[in-house]
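Biologist: I would like a close look at a single part of this assembly, the place where two of its chains meet, and after that a careful walk through the surroundings. Please take the terms slowly where the reasoning depends on them.

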4 protein chains.
Amino acid sequence: MMFRYVMSEIAEKVDCAAATAGIVAAGRDFYRRGWVLGTSGNFSAVLEVDPRRVLITRSGADKGALTEQDFLTVDGTGAVVEGMGRPSAETALHLAIVSATGAGAVMHTHSVSSTVFSQKEGKVKSIAITGYEMLKGLSGVQSHTHRESLPILDNSQDYPALAGEVEKLQLRERGSHGFLLRAHGLYTWGVDVNEARRHTEILEFLIEVMRWQS
Amino acid sequence: MMFRYVMSEIAEKVDCAAATAGIVAAGRDFYRRGWVLGTSGNFSAVLEVDPRRVLITRSGADKGALTEQDFLTVDGTGAVVEGMGRPSAETALHLAIVSATGAGAVMHTHSVSSTVFSQKEGKVKSIAITGYEMLKGLSGVQSHTHRESLPILDNSQDYPALAGEVEKLQLRERGSHGFLLRAHGLYTWGVDVNEARRHTEILEFLIEVMRWQS
Amino acid sequence: MMFRYVMSEIAEKVDCAAATAGIVAAGRDFYRRGWVLGTSGNFSAVLEVDPRRVLITRSGADKGALTEQDFLTVDGTGAVVEGMGRPSAETALHLAIVSATGAGAVMHTHSVSSTVFSQKEGKVKSIAITGYEMLKGLSGVQSHTHRESLPILDNSQDYPALAGEVEKLQLRERGSHGFLLRAHGLYTWGVDVNEARRHTEILEFLIEVMRWQS
Amino acid sequence: MMFRYVMSEIAEKVDCAAATAGIVAAGRDFYRRGWVLGTSGNFSAVLEVDPRRVLITRSGADKGALTEQDFLTVDGTGAVVEGMGRPSAETALHLAIVSATGAGAVMHTHSVSSTVFSQKEGKVKSIAITGYEMLKGLSGVQSHTHRESLPILDNSQDYPALAGEVEKLQLRERGSHGFLLRAHGLYTWGVDVNEARRHTEILEFLIEVMRWQS
């Protein structure tokens with residue numbers, strides 16, 4: 001399965017206030033579930049394709065209680081175009097994902113399950129997820145027999161290098177909906193904030209299931 | 001134990017607004033518990049017996065934040081009689097359960113516990129649940145010594161075929177209050193939305209207990 | 001350690017509206033935690049010592065959404081003095097606990113942890129809990145070195161007989177703050193609703209800890 | 001890594017009402033997560049450095065529903081300067097931590113994970129935590145390769161003696177952000193209430209991860 005979001009379609013329907021509100025609501029819920037404790041995690045949404053404008057949470061914001069002041073707009077190089085504070089240190093990963101997949105929104109969570117699971121799997125570079133009905137919650141998936149490829153990257157503090165690794169994953173060709181950073185967390189994305197939130201819930205669910213089965 | 005809900009009694013007391021409100025409240029709570037993440041799950045209630053009219057959640061609705069617009073009415077063949085959008089892909093299962101049991105409401109959840117448990121049990125076609133006080137929360141059960149038969153069906157995307165499998169389960173003769181779809185989730189039902197919600201809570205509880213004991 | 005609540009002191013400070021409100025709040029919180037799912041559990045408070053008047057939740061009430069209509073008053077024999085509906089089937093146990101301990105409030109919960117733990121322990125008649133700081137949340141306990149005796153009774157549907165078993169436990173002489181019914185749940189009590197709620201939280205915590213350590 | 005909060009900087013920005021509000025909000029959230037059940041846990045904030053004035057929760061307060069009446073002010077010896085009731089029995093530990101680290105706020109929680117984990121580790125005097133991205137949520141930590149030293153002290157009811165043990169831990173020299181009391185719970189601290197809350201979330205997260213991996 002190969003898919004790519006069509007950026008021109010995304011851009012036309014993006015409403016900055018709605019994207020902000022969607023991220024605020026998702027952050028509140030993910031915090032309650034323990035997926036973004038201690039200001040961890042970060043979220044973004046594409047506002048314009050060309051020139052690229054991406055809304056992203058500022059570094060150090062409490063994801064359970066985001067306000068408008070916790071958002072910045074960056075351009076395609078990660079430079080701040082609007083807003084106060086420093087953009088998330090992982091902005092380069094968000095931008096690399098948007099480029100590689102054409103996604104309209106990217107979400108990153110740190111759950112106990114993804115941390116435990118990605119550690120357990122040792123040096124493996126990718127996990128296949130198959131046989132679960134919940135896979136159908138991922139965009140374009142029609143059956144539990146779908147074989148989802150979930151790459152696992154080794155963690156690093158060199159974000160430009162990690163962004164290069166993300167490009168090499170060929171997320172589009174694999175048809176992947178997310179990847180794990182080992183002992184760090186999950187990245188997923190979608191055509192918009194709603195879909196990215198749904199993909200977060202689906203992948204966190206599947207990772208928790210696999211954590212107990214592996 | 002053999003029991004069957006008496007449909008004429010059900011029909012007389014059904015109030016569409018109350019059924020909708022009961023499903024909305026159940027969805028919000030189940031979402032919080034992680035039982036219907038990522039728009040998974042679906043819920044229905046019989047509004048009229050003859051001609052059959054069944055209220056059911058539309059496909060793709062967020063079960064934690066249902067509104068009136070997320071409900072449709074279908075007839076006994078699954079054709080939409082009222083409302084916008086597409087009915088749940090699993091409408092055929094809801095209708096098969098209503099026919100087989102005379103239930104007034106059907107609920108379907110996807111929990112981590114039911115996914116892990118139904119996978120663990122391998123090729124088994126049914127699980128006996130006995131010895132737990134919580135069994136008494138199931139309609140008609142008087143003692144923890146009751147032996148509840150919980151069928152496990154292999155998952156499939158062929159819903160008409162699955163509906164045929166559901167008919168063959170002889171749910172009425174077994175006195176079952178629910179069944180599992182392997183690596184998919186739980187179906188349960190009740191005389192009305194309140195009872196179906198109670199059965200969901202009871203069976204999810206028992207499945208979680210058995211998950212840790214098996 | 002031997003202790004007994006002094007009933008005359010209890011009776012003087014009991015306020016029916018406050019006891020009701022305290023139980024409603026506890027029920028809401030316990031439901032959220034999954035300790036009283038599916039209308040399971042029941043709660044009581046002594047309103048008068050002589051003649052005995054005990055406020056108790058009615059059978060089948062949803063413990064997460066109790067209202068004033070869900071409470072009854074019974075006398076020392078369990079006969080209804082005030083209110084509509086049927087008192088909890090386990091009223092005899094509440095009355096036996098009040099008589100044996102002099103408690104002013106009794107709470108009964110059904111958690112996954114107490115169900116799993118009480119099953120694991122096989123035929124054991126009592127568990128010693130010691131070494132945990134949380135023990136100090138139990139009335140009269142001054143140190144984590146305290147040795148709490150937590151009896152485990154086999155479950156039964158014969159509540160008068162179970163009430164007789166409770167009397168034989170000599171809860172006062174043991175200085176126990178609760179007991180388990182196997183594959184059923186926890187009973188605990190306190191001088192008032194607040195203390196009974198605190199004891200529920202402490203014992204559910206300790207049982208969850210022991211569940212993972214045994 | 002060695003660090004020490006600069007007290008004069010702390011003192012200037014402390015606002016008693018804001019510290020109280022921050023602790024109330026943290027208490028509500030920690031209670032919901034099951035980290036301060038049954039009135040367990042206690043929280044403090046430095047209001048003045050010289051003469052020392054420390055705001056601390058009173059003994060026996062319900063941490064999920066703190067009000068202004070649940071706070072006291074103590075001096076550097078633990079004597080009550082303002083407020084009603086008895087200060088937490090563990091006030092000496094809070095004061096020892098403030099002296100040893102220069103922290104502006106101290107938080108103490110009792111979670112199932114820290115209880116189970118600290119018991120599992122037997123006689124070990126300290127645990128090294130390394131390799132987790134979440135470590136970066138701890139003040140001054142720049143990389144997941146950081147090696148955090150988490151001391152484990154044996155529990156005791158002799159709080160002055162325990163305070164002496166805390167002094168010997170050389171928390172400043174180790175660069176530690178918290179320590180465990182065995183079968184009791186977690187202490188952590190920060191430059192202010194917000195940072196202490198973030199450190200609680202980070203360390204509880206890491207302890208839960210290690211609980212399942214050890």
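Modeller: A residue is called buried here when its relative accessible area is under 20%, exposed when that value is over 50%, and partly exposed in between. The model is a predicted one, and the cut-offs just given apply directly to D:A183, which is buried because its relative accessible area is 4%. D:A183 sits in the loop that links strand 8 (178–181) to strand 9 (185–190) of chain D, and its phi is near 55°, a positive value in a residue other than glycine.

From that loop I turn to the part you asked about, the interface between chain D and chain A. Here 21 residues of chain D are in contact with 22 residues of chain A. The size of an interface is often given as the accessible area lost when the parts come together. For chain D and chain A the buried area is about 1,800 Å², and carbon and sulfur atoms give 58% of it. As for charged pairs, the count between these two chains is 0 salt bridges, whereas 14 residue pairs, both members at pLDDT 80 or more, are found in polar contact across the interface. On the side of chain D that touches chain A, the elements giving two or more residues are helix 2 (16–32) and helix 7 (193–213) of chain D, and of these helix 7 gives the most, with 9 residues.

The other chain pairs help to place this interface. Chain A and chain C do not touch, their nearest C-alpha atoms being 13 Å apart, and likewise no contact joins chain B and chain D, whose closest C-alpha atoms also lie 13 Å apart. Two copies of a chain are related by a rotation about an axis and a shift along it. Chain C is superposed on chain B by a rotation of 90° with 0.0 Å of shift along the axis, at an RMSD of 0.0 Å, and that is the relation of a four-fold axis. These two copies nevertheless use different surfaces, since 9% of the contact residues of chain C recur in chain B.

Cysteines can be dealt with briefly: over all chains the structure holds 0 disulfides. B:C16 counts as partly exposed because its relative accessibility is 37%, and D:C16 is partly exposed as well, with a relative accessible area of 35%.

Within chain B, B:T109 deserves a closer look. B:T109 lies in strand 5 (residues 105–109) of chain B and counts as buried because its relative accessibility is 1%. Its side chain is joined to that of B:E204 by a polar contact of 2.8 Å. Leaving aside neighbours within four places in sequence, the residues in contact with B:T109 include B:F30, B:W35, B:H184, B:L186 and B:T200.

Some backbone details remain. B:T39 has a positive phi of about 65° although it is not a glycine; B:T39 belongs to the loop between helix 2 (16–33) and strand 1 (42–48) of chain B, and at 24% relative accessibility B:T39 counts as partly exposed. In chain C the peptide bond from C:D50 to C:P51 is cis, with omega near 0°, and C:P51 lies in the loop between strand 1 (42–48) and strand 2 (53–57) of that chain. In chain D the bond from D:D50 to D:P51 is likewise cis, with omega near 0°, and D:P51 is found in the loop between strand 1 (42–48) and strand 2 (53–57) of chain D.

Methods. Residues are numbered from 1 along each chain as its sequence is written. Chains are lettered from A and ligands numbered from 1 in the order in which they are written. This is a predicted model: local features need pLDDT of at least 70, side-chain atom pairs count only at pLDDT 80 or more; totals for chains, interfaces and linings use all residues. Side-chain values use heavy atoms; hydrogens and water are left out. Contact means heavy atoms within 4.5 Å. A disulfide is a pair of cysteine sulfur atoms within 2.5 Å. Buried means under 20% relative accessible area, exposed over 50%, partly exposed in between (1.4 Å probe, protein chains only). Copies are superposed by least squares on the C-alpha atoms of residues with pLDDT of at least 70 in both. Buried area is the accessible area (1.4 Å probe) that two parts lose on being put together, summed over both. A salt bridge is a side-chain nitrogen of Lys or Arg within 4 Å of a carboxyl oxygen of Asp or Glu. A polar contact is a pair of N or O atoms within 3.5 Å; within protein, one must be able to donate a hydrogen and the other to accept it, and residues adjacent in sequence count only if both atoms are side-chain atoms. Helices (H or I, at least four residues) and strands (E, at least two) are DSSP runs, numbered from the N terminus.
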